[in-house]
Amino acid sequence: MNIAFNLLDEPWLPVRLSDGQVRDLGLLEVFQRVGDITALAETAPPSLIAQHRLLLAIVHRVLTASQGRWKDSDRKRWFLEGLPVATITDYLERWRDRFWLFHPQQPFMQVAALAQADETRDKLKPWTQISLASANGNTPVVFDHHCDAEPSALDAAQAIRALLGFLQFTPGGLVKIFRDSDKAGPLANTAAVLPLGETLMQTLCLGLHPPAGADVDDAPTWERPPLTVARLRGDPTHATGPNDRYTRLTRAVLLQPDDDGKVRWIRFAAGEALADDAQVPDPMASYRMGTNGPVRLSFTEGRVFWRDLPALLPDAAGQAAKPAAVLGTATNLNELLGRAGQPLLVAGLASDQAKLLRWRADRLFLPSTLLTSPDCAQLLRMQVRLAEDLFTDLRKIATGMYADLQPDSGNKDTWARARAMFDAGPPTAVYFASAERTLERLMTLLSQGEIEQADACWSQALLNAAQAAWRAACAGLGRSSRALLAEVRAHPRLLRRLKPLRGDQERLFALEEAQQ
């Protein structure tokens, strides 16, 4: 393999400039123009998060080496005045040899030992093995028609972007080379949280994690010795810190460039497995409380993300949620800056064991008070719970209505089919989409201390959402006489459930009249 494609110089990282242009830049130019870049322009959510983590590892390593134990006041200065670009450039130039994508001894984020190991030397796999959006093996993806025997060509920039996302989000499972199975990537099945600024520079300052202790050398992968086969066979190890976690080679991969620099084939094996550490969760992962303890926040099919919004909010008792640590560091910086709120990117990939299910990216804005006040957060948590409880009751009433259409309406199997009919239809999406239109106003009112008006406003939103969802549920019945009779029988139960909300509706009208 010849030395080629240095990531410091070659354009590979997609960015959006302040004038709206989208361009690919090398790492050196990215940091030289970091204040002129509004955001990364990657379209695949796993790769987008992985690219941010790569940049954060670089910046954190540079700042720790040059500043020692920096503080939030230092982050405030960098946020307002700019990152020390010259120091970052010097660091990257010092490690230039480790940023060659194709290098015989230390290719970037790869394992050169695979070229000599007996298990992998003569065994090539298609590049789709490391693509989270491509078909490979027995896991086809809709609309993807790659063939393992004749993979298409991938340019170097696309290859490294795919590799970064894969290393962070790969699910655990069988690998069969060096070990029978391997651990998952640090963000497998995770809805990762990233605080956003108006520029990439601000985003990096908001996302910086605290420096490690003096006795810990949290080095990124490119500063470490090349991985050997013996280490790949070894037991999982804990991350020394976020820099290690953000750049861990969770799978051993070696890209095989053609003469034209394109990638069709790779060598692939088990990587340097990351051991689970319940006491040190990933800085970008949030947890909600489940039946058997904390459950990492992920994406669920058909479930809007705001239903899990309480997992991002502070919980003084620690019984409802464990927000991502990066939210805490961003909140500390925002308090120093006096910022009124925090835009967030929530992105990632959901999987079921080794099966990839879906990826998503959501953006939302949280007022600062919600992130700093557990009491305010608890109020929003209660309002979200009200929405969930109302939907549960609505679903039960509608299920009974659907079951009433069946010959044996009291049978347990009939009710199961009726629930499946409801879940497959539009009422769920209609309900939560309707309520979401008022969510931003609800958060604003709560953050301003307007509790009574927030209650009334949210009750009105839930009433509207329930009525819209009920109309959608009834539309699915048809207009036969039997369907109309089932609707008539169920409607009184719906009215009883909505009666308290109608009282809040009247209270909202009174509050609005008083303000006028």
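The crossing of helices H11 and H13 is right-handed, a crossing being right-handed if the near helix is turned clockwise from the far one by less than a right angle, and left-handed if anticlockwise. The model is predicted, with local features requiring pLDDT of at least 70 and side-chain atom pairs pLDDT 80 or more, while totals for chains, interfaces and linings use all residues. Residues are numbered from 1 along each chain as its sequence is written, and side-chain values use heavy atoms, without hydrogens and water.

Helices are DSSP runs (H or I, at least four residues) numbered from the N terminus. The axes of H11 (residues 374–403) and H13 (residues 427–436) come within 12 Å and cross at roughly 155°; axes are lines fitted to C-alpha atoms over the stretch in contact, with angles from 0 to 180 degrees between N-to-C directions. H11 and H13 are therefore roughly antiparallel, the term for angles over 145 degrees. Ala387, Glu388, Leu390, Phe391 and Leu394 of H11 meet Thr428, Tyr431 and Phe432 of H13, contact meaning heavy atoms within 4.5 Å.

The largest nonpolar core (buried Ala, Val, Leu, Ile, Met, Phe, Trp, Tyr and Cys residues joined through side-chain atoms within 4.5 Å) has 152 residues, and Tyr431 is among those that touch the most other members. H11 gives the most to this core, with 13 residues. Beyond four places in sequence, Tyr431 touches residues including Leu462, Ala465, Ala466 and Ala469.

Ala473 lies in helix H15 (residues 451–475) and is buried (under 20% relative accessible area, 1.4 Å probe, protein chains only), at 1%. Outside its neighbours within four places in sequence, Ala473 contacts Ala398, Met401, Tyr402, Phe422 and Pro427.

Technical notes:
Buried means under 20% relative accessible area, exposed over 50%, partly exposed in between (1.4 Å probe, protein chains only). Helices (H or I, at least four residues) and strands (E, at least two) are DSSP runs, numbered from the N terminus. Angles under 35 degrees count as roughly parallel, over 145 as roughly antiparallel, 65 to 115 as roughly perpendicular and the rest as oblique.
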